[in-house]
Amino acid sequence: MASSKSESQNGEQARHQEVGHKSLLQSDALYQYILETSVYPREHECMKELRDITAKHPWNIMTTSADEGQFLSLLLKLINAKKTIEIGVYTGYSLLATALALPEDGHILAMDINRENYELGLPVIQKAGVAHKIDFREGPALPVLDQLLEDETNHGSYDFVFVDADKDNYLNYHKRILELVKVGGVIGYDNTLWNGSVVAPPDAPLRKYVRYYRDFVIELNKALAADPRIEICQLPVGDGITICRRIS
């Protein structure tokens with residue numbers, strides 16, 4: 001009987017790691033409880049529509065989870081964010097969450113290397129009535145950030161930055177973002193627990209892309225923990241998100 005229970009638990013965990021990859025909880029049922037009790041009932045109808053569209057896309061693993069979208073929305077309202085940056089857009093689920101949370105005259109500079117994915121979600125963003133808040137730039141983010149830094153009026157002018165992009169550039173982004181976000185402003189780095197691989201043994205069977213980026217994520221986590229210019233809080237929401245508040 002105990003063996004059967006153990007096998008059942010192991011099977012549940014295996015299913016969770018595969019199907020529920022966007023949650024680090026060890027129980028799919030518990031994660032589903034959170035979604036059905038606290039997230040889905042409050043989810044904007046356009047957010048749900050975009051989530052459903054994204055679920056049919058072959059790269060849907062890249063999307064922000066619904067509970068993380070809710071968290072970002074509340075965070076933006078708590079800090080009264082008005083001027084933000086988003087690096088890595090995909091179909092725009094987190095971007096829509098941000099746009100809905102900002103005031104009517106809010107502004108988001110959004111960057112992604114793939115306009116086609118963004119345009120998949122754009123009709124829903126337009127339907128939600130928030131497209132006017134978004135300035136989308138196709139291409140690598142680093143040149144855009146460098147261009148912003150050339151104008152000193154941009155220094156310390158952003159309230160919030162969300163990064164969900166190429167993990168091997170996170171530290172390069174961090175160097176630039178810290179000059180752009182204001183003292184007291186907030187930065188969110190997504191995927192900082194990277195499917196739980198940050199604690200996996202060296203010989204663990206990992207997907208190729210998970211293994212490739214794991215060391216970059218670990219390096220980022222160490223750097224953020226040691227950076228005296230920020231306060232941090234790493235949360236097991238979605239695939240792990242680290243919230244940084246600039247203090248100097």
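1. A quick bit of vocabulary before we start: a residue is buried when its relative accessible area is under 20%, exposed when that is over 50%, and partly exposed in between, using a 1.4 Å probe and protein chains only. By that yardstick N195, at 28% relative accessibility, counts as partly exposed.

2. Some ground rules. This is a predicted model, in which local features need pLDDT of at least 70 and side-chain atom pairs count only at pLDDT 80 or more, while totals for chains, interfaces and linings use all residues. Residues are numbered from 1 along each chain as its sequence is written, and side-chain values use heavy atoms, leaving out hydrogens and water.

3. Now the overall picture. The protein has 9 helices and 7 strands; these are DSSP runs numbered from the N terminus, with helices being H or I of at least four residues and strands being E of at least two. Its radius of gyration is 18 Å, close to the 18 Å that the globule rule gives for 248 residues, so the protein is as compact as a globular protein of that length. (The radius is taken over C-alpha atoms, and the rule is 2.2 Å times the number of residues to the power 0.38.) Along the principal axes, the C-alpha atoms fill a box of roughly 65 × 40 × 30 Å.

4. How much is tucked away? Buried residues make up 48% of the 248 residues. About 12600 Å² is exposed, and carbon and sulfur atoms supply 54% of that; accessible areas come from the Shrake-Rupley method with a 1.4 Å probe, and for residues only the protein chains shown count as cover. Contact means heavy atoms within 4.5 Å. Among contacts with a separation of 6 or more, 67% are between residues 24 or more positions apart.

5. Have a look at helix α5 (residues 93-101). It is largely enclosed by the rest of the structure, because 8 of its 9 residues are buried. Those buried residues are Y93, S94, L95, L96, A97, T98, A99 and A101. Two α5 residues turn up again with A128, which sits in the loop between α6 (115-127) and β3 (134-138): leaving aside residues up to four places away in sequence, A128 touches C46, L96 and L100. A128 and L100 are 28 residues apart in sequence, yet 8.0 Å apart in space, C-alpha to C-alpha.

6. Next, a helix pair. Helix α8 (residues 170-180) and helix α9 (residues 208-226) pack at about 30°, with axes 9 Å apart. That makes α8 roughly parallel to α9. Axes are lines fitted to C-alpha atoms, for helices over the stretch in contact, and angles run from 0 to 180 degrees between N-to-C directions; under 35 degrees is roughly parallel, over 145 roughly antiparallel, 65 to 115 roughly perpendicular and the rest oblique. Y170, L171 and H174 in α8 meet E219, L220, A223 and L224 in α9.

7. Strand β5 holds I187, which is buried at a relative accessible area of 0%. I187 touches V161, I177, L178, V181, T242, I243 and C244, again not counting residues up to four places away in sequence.

8. Last, two unusual backbones. Most residues other than glycine have a negative phi. N191, however, has a positive phi near 65°, and N195 has a positive one near 60°. N191 lies in the loop between β5 (181-190) and α9, and N195 is placed in the loop between β5 and α9. N191 is buried, with a relative accessible area of 4%.
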